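Morning, everyone. Please look at the screen while I talk you through one model.

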Amino acid sequence: MIVFDNITKIYSDHSKALDKVSFSIEQGEFVSIVGQSGAGKSTLLKMILIEELPTHGKVLFDTLNIHTLPRKLIPEYRRRIGSIFQDFRLLPNRTAYENIAFAMEAAGRSEEEIDADVPHALDLVGLKSKMWNFPHEMSGGEKQRAAIARAIVNQPVLIIADEPTGNLDPLNTQEIIQVLKKINDLGTTVILTTHNKGVIDSLKKRVITMEHGTIVRDDIHGKYVL
Amino acid sequence: MANMFSKHSSAQFRRISRSGFISFWRNQAVSLAALFAMTITLFAIGALMVGSTFLDVFLGTIKDKVDVTVYFVEDAQESDILTVKSSLEALPEVFSTEYVSRDVALAAFRERHKDDAVMLAALDEIGSNPLRASINIKARELSQYESVTKFLEGENAVVAPSGTSIIEKVNYRQNKLVIDRMNKLIDYSRRLGTALIFILSLMSVLVTFNTISLALYSARDEISVMKLVGAANNFVRGPFLVQGAMYGVISGLCAAALLYPITLWLGSISAAAFGGLNIFSYYLAHFGRILIVLLVSGVAIGILSSYLAIIRYLKV
């Protein structure tokens, strides 16, 4: 489904974020990417979202070289991916409902679909009671659940979660990971980056370990080893 | 298919407008700052517009008071004078002419001095009419009096059968200094007015642009999230343009309303200073036009500022 083919990323200050990285991810997989800060995890995810362009190599998404996509087709491509961030990145002046509805509106979905799907997505992440709350009225865990609801509402084929539990306490961390597992069980591919050893060890899924922009381990049933 | 597309477009347009209204209302601090900056901008534009047009009207009335008079010799025939009048009217520089015969001049003189017994007695003492027939000439521009005078002094002037010119004198030479000075003054005032409008408008537009840029700077993370969840540029940009237009409309109304008390206060002062010209009456008479100019420029500045300021944040 996703193929990183010999990807190198060198920033303008000559620092090398990724060095000849190659791997592939199949549909329905749950892949964790671990590594210390600066190992290149976030750069990998930014490549998938076309936030960053590779200096060398290519990223294929279902055989499509995504970095050759014309700019106007990028929004449509991004709607096939659900993104979850460490700092939640909800729209601050919109309620939980409106944040999720925004992703559907951006995708051009009808009012009827929005009315039906938003409450359903919020229900799936256990946040129906906070539907009309603004982000500043929610806890960290609730914000992240709202962000997950936004990520899944357009039924993406891939979820990328960039350290989604980085700002959460252990209880909320477990809840968020359970939600991501549930989404994966329903057939959606999940790519997770994290620093959390407990999360990785409890998942018992594929783990890619990165160091200084290169892959040093790729285990089918991995553990957190650094 | 076409129907589906238009239905989809109108739904997106509705969403964009609603989103713009909601953001305007919920970001009250930002909206107030933008409204304040833009109201000042539009007020400056409105005040300059009223001021410069008022100045124009005032300069026009001064210009209107200027004319040159050509006096004819005592024995000039009326038919010759009328020939001069029609050749003057044929000149493109001449706006109007008025023939004052000797009898009319005398009657006007008597009327003017009806309370001056000595003057009337002196006139009676002379016995005959000492006044000359004349033509008052108004040129279209102050600068054109010179060429009209040259025309009269030149070979084109009608010559009496005796071979001498029937023109006794043209009073332009006596008034030349005043007319020239006034001409320069009017010219400088206009240039200064235009330069002031340009500079002040540019300054205030830049202030508004900067305020809106700051507002969008604070929304840059929001914009990047919108892009990352798959929103197209127009869908992200639209609500900000709607907000820009709203700033323009509300500020335009505020600026037009703000001009009311200011011109009211200046009304009697201007009437006293500019010979009865009342700036408040001018404001009331042209309110519709002023309001439209303020609204249109407000909406244009708001939309353009938002459009330009958001470009850099859309590159996600």
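I will go from a sheet, to some helices, to the contact between chains, and then to domains. Keep in mind that this is a predicted model.

Let's start with the sheet in chain A. Six strands make up this open sheet. What is the order of the strands? Reading across, the order is β6-β7-β8-β3-β9-β10. The pairing is mixed. As a reminder, strands of a sheet pair through backbone hydrogen bonds, either parallel or antiparallel. Now find the edge strands. They are β6, residues 81–85, and β10, residues 214–219, of chain A. Each of these edge strands pairs on one side only. On average, neighbouring strands in this sheet are turned by 15° against each other, direction ignored.

Zoom in on one pair. Strand β3 of chain A covers residues 30–35, and strand β9 of chain A covers residues 206–211. These two run parallel, and five bridges join them. Which residue in β9(A) is the bridge partner of Val34(A)? That partner is Thr209(A).

Next, a helix on the strands. Helix α6 of chain A, residues 170–185, lies across β3, β7 and β8 of chain A. In that set, β7 is 158–162 and β8 is 189–194. Helix α6 of chain A runs at about 155° to β8(A).

Now a helix pair. The axes of α3(A) and helix α5 of chain A, residues 140–152, come within 8 Å. They cross at roughly 25°. Angles under 35 degrees count as roughly parallel, so α3(A) and α5(A) are roughly parallel to each other. Their crossing is right-handed. Who makes the contact? From α3(A), Ala96(A), Asn99(A), Ile100(A) and Ala103(A) take part. From α5(A), we have Ala146(A), Ala149(A) and Arg150(A). By class, that contact has five nonpolar residues, one polar and one charged.

On to the two chains. How many residues of chain A are in contact with chain B? The count is 16 residues of chain A, against 17 residues of chain B. On the chain A side, the elements giving two or more residues are α2, 74–78, and α3, 96–106. The largest share, three residues, comes from α3(A). By class, this side of chain A has seven nonpolar, three polar and six charged residues.

Last stop, chain B. The domain assignment gives domain 1 as 14–62 + 182–314, and domain 2 as 74–165. Taken over C-alpha atoms, the centres of these two domains of chain B are separated by 53 Å.

That's my tour. Thanks for listening.

Definitions and conventions
Residues numbered from 1 in each chain as written. Chains lettered and ligands numbered in written order. Predicted model: local features only at pLDDT ≥ 70, side-chain atom pairs only at ≥ 80, totals over all residues. Domains from an automatic or database assignment. Contact = placed C-beta atoms within 7 Å. Helix = DSSP H or I, 4+ residues; strand = E, 2+ residues; numbered from the N terminus. Nonpolar A, V, L, I, M, F, W, Y, C, P; charged D, E, K, R; others polar. Pairing = 2+ DSSP bridges. Axes fitted to C-alpha atoms, helices over the stretch in contact; angles between N-to-C directions. Parallel < 35°, antiparallel > 145°, perpendicular 65-115°, else oblique. Left-handed = near helix turned anticlockwise from the far one by under 90°.
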